[in-house]
Amino acid sequence: MSDLLRLATAGSVDDGKSTLVGRLLYDTKSVLADTLDAVHRASADRGLSTPDLSLLVDGLRSEREQGITIDVAYRYFATPKRSFVLADTPGHVQYTRNTVTGASTAQLGVLLVDARKGVIEQTRRHAAVLALLGVPRLVLAVNKIDLVDHDEATFSRIAKEFTAHATALGYPDDAVVTIPVSALAGDNVVERSERTPWYDGPTLLEHLETVPVDVDPHDAPFRFPVQYVIRPRTADYPDYRGYAGQVAAGTVRVGDEIAVLPDGLRSTVTGIDTADGPLDQAASGQSVTLLLAHDLDISRGDLIAGAAVPPRVTDEFDATVCWLSEKALTPGARVLVKHGTRTVQAIVTHLHTRFDEQKLGSTDAPDSLTLNEIGQVALRTAEPIPVDDYTKSRHMGSFLVIDAADGSTLAAGLVGAPLPELDGVESCTDGGDAAEPDSHALVSPGP
């Protein structure tokens, strides 16, 4: 089991995501004393008798003033059993793009619902986004259980409804856990609550500490996007030629045969250098410099891959994109595609389908995709690029769509990723989570 878990929280507005994260940080003693003092002062200024734990997460001034989360807030904490990287994502519909940012690397998603409202439209929307991004496990935290008098029947109804929805999205039963919590009072967050004697499952922290983590398999096909070519040309290293980057997938060993793509050149790994000395092998996530047996014409943007199982090299592919720009996407749009360390010109040749987040269905051959909409498109690039399907490799199956005019990010893309199969999923018509956009809100696309 890995000692690191990456998780993302999501949910509707005012479901208590920031308070829940603050409770986790507070009860695991992961808050510095001066930070806690600042929260106590800010809470007192608002006339509160107890600290507002959401302020531990809502870092932007505009967020604190409005009482909402706009940006993706990343927090790091640890217990004796595991370390955590947590992304607290916004609940407003217009900030769905930030939810995509926060969940893109998550191994587990924590979805919150208000026990008084149950599963609503935004809950279903976030679950679909997490399923699309391939987040393998979900926790449904039924928050504010104290406001329904810790009622077991209310919890059971919500758990049953959400589990059915998650199953329709492709999640197996053992990948979804439902927990009754009160972030404000601390019920079942870190400590087990005596007010829910009918619940015999784990607390939220217990589950986070013990849930199996799906790590990148070291036996996956080797992928290494070249970031920089190192040629010192000094008296000590007159002929040194190394290719620096980070192993995106799989494992490489000295002696392995590799292919350099998209050109298809072949060579053998003769050395693996690091700042701490040479290695015999390197695995996913490690930053290294590779030495090859032949002097090849390799530059930034090329991909070094295992020769036995290389990715496909193509200039046409289908992809699912989450559109992040206020400028609509239409067929024929000319864009830049950034895949790994390579950026190429491309044309969106066709819009296949648009995911309907309101009805949780899809529309064939839409005229356009607008802000926060998700759709499946066809792309043609100006030159071939090596790609893996996102379902096989989250690292090498993802890309960015960039505006060639100003360099802004237009979309996050997943190579070949199918939209969730939603046939038979009942559309939710609940309200309650809609919010008017704030024209003065500070929006950040996240790191």
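**Cores, a barrel and a buried asparagine**

In the protein chain, residues 24 or more positions apart account for 71% of the contacts with a separation of 6 or more, a contact being heavy atoms within 4.5 Å. The model is a predicted one, in which local features need pLDDT of at least 70 and side-chain atom pairs count only at pLDDT 80 or more, while totals for chains, interfaces and linings use all residues. Residues are numbered from 1 along each chain as its sequence is written, and side-chain values use heavy atoms, with hydrogens and water left out.

Seven helices and 21 strands are found in the protein chain; these are DSSP runs numbered from the N terminus, with at least four residues for a helix (H or I) and at least two for a strand (E). Of the 447 residues, 53% are buried, that is, under 20% relative accessible area, with exposed meaning over 50% and partly exposed in between (1.4 Å probe, protein chains only).

Turning to the interior, the largest nonpolar core contains 38 residues, and Leu-133, Val-142, Phe-162 and Tyr-171 have the most contacts inside it. Such a core is a set of buried Ala, Val, Leu, Ile, Met, Phe, Trp, Tyr and Cys residues joined through side-chain atoms within 4.5 Å. At least two of its residues come from each of strand E1 (4–11), helix H4 (96–103), strand E4 (108–114), helix H5 (121–132), strand E5 (138–143) and helix H6 (152–168). Helix H5 gives the largest share, six residues. Domain 1 (4–214) and domain 3 (312–415) each contribute at least three residues to this core, the domain bounds coming from an automatic or database domain assignment. Apart from this core lies another, of 31 residues, including Leu-24, Leu-108, Leu-204 and Leu-208.

Tyr-171 offers a handy view of the surroundings: leaving aside neighbours within four places in sequence, its contacts include Leu-130, Ala-131, Val-135, Pro-136 and Leu-138.

Strand E5 also holds Asn-143. This residue counts as buried because its relative accessibility is 3%. Beyond neighbours within four places in sequence, Asn-143 is in contact with residues including Asp-15, Gly-16, Asp-114, Ser-182 and Ala-183.

Elsewhere, six strands form a closed barrel in the order E7-E8-E13-E11-E10-E14, with antiparallel pairing; two strands pair if DSSP finds at least two bridges between them. Within the barrel, strand E7 (residues 223–230) and strand E8 (residues 242–246) pair in the antiparallel sense over four bridges. Val-226 has Gly-245 of E8 as its bridge partner.
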